[in-house]
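Biologist: Got a minute to walk me through this one? I'd like to start with a single residue and work outwards.

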Amino acid sequence: FSYFLSFIIFVLIIASCDEGCLVPPEPKPDYQVGDTIWIHDVPGSDSIGIPTPENLYLSIAQGTDGSIYYAAANGNAIAWIEARIFAINKDDGSLKWKSEPLDNAGLNSQIVVGDDGTIYAIGHSTLYAFNPGDGTLKWSWRCPEKLPHPDYPNGADTFGALNSLALTNNGDLVLASYGSGYFIRSIYCIDENGDTKWYNMGATQYGVSSKITIGKNGSL
């Protein structure tokens, strides 16, 4: 009778068990803190590498889904290869996608990730927004050639390199232009769709060369 009762109990357990519940759990990783889990080789690492901009921004970031983003390029006397943004899987370091080339062999900003996962970065004079799923370009915004100015009837020359990048609490992007010459330097605010919300032409002389920081109250 005991064998029969055990068999009945076993049948009831099987009948109430969800599919896969009898599969043994995956063994826990046996690595320790500080161990190397994986190594990712930069695609084309024989000719390109991770750029080190003059402003020493670290061109690496983590996405909302855990993906890791970085930029790679080559800009020297031997080769000039425009930077791309690369996305890799956090679990095994495999390549997910690479973006189209930017307008510079390096970045003039850190990589910034929005709340919706959108990836933002500045090449030279262009701000780029990439889709996190496949790295396709959502939009790009280029530093204006001219802007209205009361002292210049035909508009002030404003084109130049862009520098630094900050994300506000409401999803806007703040960046600035810099460089030498007679050009007027400005601070710009771009919305999440790539449209200019406002600009301030008070960045005199060489423009903004420091990192832009957003305060708790939204001030710059």
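Biologist: Leaving aside neighbours within four places in sequence, which residues is Ser125 in contact with?
Modeller: Keep in mind that this is a predicted model. With those neighbours set aside, Ser125 touches Asp103, Trp141, Arg142, Cys143, Phe159, Gly160, Ala161 and Leu162.

Biologist: Where is Ser125 found?
Modeller: In the loop between β6, residues 119-122, and β7, residues 126-130.

Biologist: And is Ser125 buried or exposed?
Modeller: Ser125 is buried, because its relative accessibility is 4% and the cut-off for buried is under 20%.

Biologist: Trp141 was on that contact list. What is Trp141 in contact with, again skipping neighbours within four places in sequence?
Modeller: Ser125 shows up there, of course, along with Thr126, Leu127, Leu162, Leu175, Tyr188, Ile190, Gly194 and Thr196.

Biologist: OK, on to the packing. Which residues touch the most other members of the largest nonpolar core?
Modeller: That core has 18 residues, and the ones touching the most other members are Tyr120, Leu127, Trp139, Trp141, Leu165 and Leu175. At least two core residues come from each of β6, β7, β8 (137-142), β11 (161-167), β12 (173-178) and β13 (185-190). There's another core apart from this one, with 14 residues, including Ala61, Ile85, Ala87 and Leu107.

Biologist: Why would nonpolar side chains be buried together?
Modeller: It's a general tendency of soluble globular proteins.

Biologist: Let's do strands. What is the order of the open sheet of four strands?
Modeller: β5-β6-β7-β8, with antiparallel pairing.

Biologist: Which strands stand at its edges?
Modeller: β5, residues 112-113, and β8. Each has a single partner strand, so one side of each is left without a neighbour in the sheet.

Biologist: How many bridges join β5 to β6?
Modeller: Two, and the strands run antiparallel. Val112 has Tyr120 in β6 as its bridge partner, and Tyr120 is also one of those well-connected core residues with the most contacts to other members.

Biologist: What about β9 and β10, how many bridges join them?
Modeller: Three, between β9 at 146-149 and β10 at 152-157, and this pair runs antiparallel. A hairpin of two residues makes the link from β9 to β10. His149 has Tyr152 as its bridge partner in β10.

Biologist: Changing topic: how many disulfides does the structure hold?
Modeller: Zero. As for individual cysteines, Cys143 is buried at 2% relative accessible area, and Cys189 counts as buried at 3%.

Biologist: Where is Thr168 found?
Modeller: In the loop between β11 and β12. Thr168 is buried, with a relative accessible area of 16%. Its side chain makes a polar contact of 2.4 Å with that of Asn170. Beyond neighbours within four places in sequence, Thr168 is in contact with Val174 and Ile214.

Biologist: How far apart are Thr168 and Asp191?
Modeller: 9.7 Å from C-alpha to C-alpha, with their positions 23 residues apart in sequence numbering.

Biologist: Last one, the chain as a whole. What does the secondary structure come to?
Modeller: One helix and 14 strands. The chain has 220 residues, and 40% of them are buried. Taking contacts between residues at least 6 apart in sequence, 43% join residues at least 24 apart. The accessible surface is about 13500 Å², with 55% belonging to carbon and sulfur atoms.

Methods. Residues are numbered from 1 along each chain as its sequence is written. This is a predicted model: local features need pLDDT of at least 70, side-chain atom pairs count only at pLDDT 80 or more; totals for chains, interfaces and linings use all residues. Side-chain values use heavy atoms; hydrogens and water are left out. Two strands pair if DSSP finds at least two bridges between them. Buried means under 20% relative accessible area, exposed over 50%, partly exposed in between (1.4 Å probe, protein chains only). Contact means heavy atoms within 4.5 Å. A nonpolar core is a set of buried Ala, Val, Leu, Ile, Met, Phe, Trp, Tyr and Cys residues joined through side-chain atoms within 4.5 Å. Accessible areas come from the Shrake-Rupley method with a 1.4 Å probe; for residues, only the protein chains shown count as cover. A polar contact is a pair of N or O atoms within 3.5 Å; within protein, one must be able to donate a hydrogen and the other to accept it, and residues adjacent in sequence count only if both atoms are side-chain atoms. A disulfide is a pair of cysteine sulfur atoms within 2.5 Å.
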